[in-house]
Amino acid sequence: MSIWRVQGGYPLDGSLTIQGAKNAVLPILAACMLADSEIELTNVPRLRDVEATLDILRHLGCQVQRREDVVAVDARSVTGCEIPRALTGRMRSSIIFLGAVLARCGQARLAMPGGCELGPRPVDLHLAAMEALGATVRCEDGVIVCAAPALTGADMTLETPSVGATENAMIAACAARGITVIRNAAREPEIVQLQGFLRALGADMDGAGTDSITVRGFTPVKRVGWRVMPDRIVAATVLCACAAAGGEVELRGVCPDHVRSVTETLTAMGAQITAGQRRIAMRCAQRLRGGQTIITRPYPGFPTDAQPLMMAASLRAAGQTVFVENIFTDRYRHAAQMARMGADIRISGRVALVTGRERLTGTDVLAEDLRGGAALLIAGLGAEGETVVRDPGHIERGYEGLDRALSALGAHIKITE
Ligand code: EPZ
């Protein structure tokens with residue numbers, strides 16, 4: 001259990017380079033299974049989910065080296081096609097290996113990663129995509145068993161634009177004979193980045209970023225290097241932290257386009273934001289104003305991962321802010337913890353109504369998921385006194401040194417075990 005101690009009342013001031021994107025590097029690491037040469041990835045963040053993914057690659061027989069932000073993966077020595085519960089249980093998104101293992105080995109056995117703190121995490125769309133490509137799929141005592149001696153290209157339509165199912169389909173389709181079209185595909189920047197990486201590996205693929213992706217074939221190329229894109233949700237986290245604490249921050253190495261829905265919302269709430277080529281500057285001199293309705297949608301809509309973060313930034317805004325969470329069924333667990341700090345949040349199904357309060361009071365709170373935990377830290381930055389966030393390890397799944405990063409901007413945050 002990590003204990004994060006946050007002293008409220010200190011505005012942020014300074015510049016920060018944003019870490020590599022967790023949700024981009026995880027599918028890219030799985031896709032390394034397709035290569036028959038060493039791959040070097042740079043700007044890889046130091047995260048628990050990344051370590052869990054590297055352990056899965058090692059378990060499957062890959063050679064994996066890490067030094068600083070560089071990870072080298074050599075999948076020429078793959079021996080296994082089975083991922084046990086001990087490994088899938090450490091990381092909810094281990095399902096991202098399904099398409100890669102199936103493509104590489106012609107079969108895959110993955111222990112179900114289990115439900116998640118955001119509600120059930122079904123994998124039906126992932127399994128349907130594999131079946132569309134000609135795999136047989138069955139579940140035996142919590143283990144997904146897939147077999148496909150030969151994958152065949154297919155024209156498939158995802159029921160919902162699932163990020164993970166789109167990624168699994170893209171990766172598996174690289175090993176399919178014939179053309180695959182993935183319709184109603186997710187359009188997130190991480191999907192575009194995965195397409196770029198697969199192309200670098202030798203895939204003939206286009207359409208990522210739109211709702212229709214076409215995969216025509218795959219001719220492996222030798223020696224591939226790839227730099228992981230910046231993490232747009234970490235960028236949103238720092239912006240919301242500045243909204244809660246006040247002050248002035250500059251984010252470097254970011255793609256302003258990727259966080260446009262977040263910066264537009266903060267600007268409407270009264271923050272001054274300017275964006276450059278790969279930088280965002282934000283100044284928050286006075287109390288923000290409410291009045292916004294924030295509806296989470298698939299990209300380019302407002303990202304569900306930023307919903308808890310924006311809620312934390314709205315707790316002391318003047319007026320009411322409405323949230324509608326359309327992506328996950330149970331993503332307001334942070335609200336009860338914020339209420340312990342004096343926040344006024346009323347929830348009815350998918351809708352949360354925040355009535356801004358002049359002041360919040362620091363107290364003991366519990367992180368129950370990754371972004372909810374980060375949101376509690378943000379709320380603590382704007383509260384009076386000390387907020388103690390007890391975290392069973394969620395926050396460090398997705399944030400590399402968030403305490404050091406925010407402390408370098410003037411926050412008073414300390415972690416103890
Ligand atoms: C990815 O999760 C991200 N994780 C999530 O970020 C993010 O919240 C989510 O996309 C939505 O943007 C990674 O990329 C590792 P989905 P994923 O499949 O792929 C339902 C974070 O904090 N669904 O797009 O699991 C599902 O229940 C994490 O970094 C099915 O019904 O999300 C959800 O309601 C949290 N059946 C909706 O679709 C399926 O087979 C969207 O899920 C798959 C999903």
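A residue is near a molecule or strand if one of its heavy atoms lies within 4 Å of that molecule or strand.

The structure is a predicted model, in which local features need pLDDT of at least 70 and side-chain atom pairs count only at pLDDT 80 or more, while totals for chains, interfaces and linings use all residues. Residues are numbered from 1 along each chain as its sequence is written, and side-chain values use heavy atoms, with hydrogens and water left out.

**Exercise 1.** Find which residues come nearest to the ligand, and which polar atoms lie beside its oxygen atoms.

*Solution.* Step one is the shell: of the 21 residues around the ligand, those that come nearest are Asp-124, Leu-125, Ser-162, Asp-305 and Ile-327.

Step two turns to polar contacts (pairs of N or O atoms within 3.5 Å; within protein, one must be able to donate a hydrogen and the other to accept it, and residues adjacent in sequence count only if both atoms are side-chain atoms). An N or O atom in the side chain of Lys-22 is 2.9 Å from an oxygen atom of the ligand, whereas Pro-122 uses a polar backbone atom, at 3.3 Å from a ligand oxygen. Val-163 has a backbone N or O atom 2.8 Å from an oxygen atom of the ligand.

Step three assigns the shell to helices, which are DSSP runs of H or I with at least four residues, just as strands are runs of E with at least two, both numbered from the N terminus. Two or more residues each come from helix H1 (22–31), helix H5 (124–132), H6 and helix H12 (370–381), and H5 gives the largest share, 3 residues.

**Exercise 2.** Decide whether Asn-168 is buried or exposed, and list what Asn-168 touches.

*Solution.* Buried means under 20% relative accessible area, exposed over 50%, and partly exposed in between (1.4 Å probe, protein chains only). Asn-168, which has its place in helix H6 (residues 163–173), has a relative accessible area of 0% and is therefore buried. Contact means heavy atoms within 4.5 Å; leaving out residues up to four places away in sequence, Asn-168 touches Ile-95, Ile-96, Phe-97, Leu-98, Gly-99, Ala-100, His-126 and Met-130.

**Exercise 3.** Describe the surroundings of Ile-56 in helix H2 (residues 48–59).

*Solution.* Ile-56 counts as buried because its relative accessibility is 0%. Beyond four places in sequence, Ile-56 touches Ile-83, Leu-87, Met-91, Ser-94 and Phe-97. Pro-84 is 28 residues from Ile-56 in sequence, yet their C-alpha atoms are 9.2 Å apart in space.
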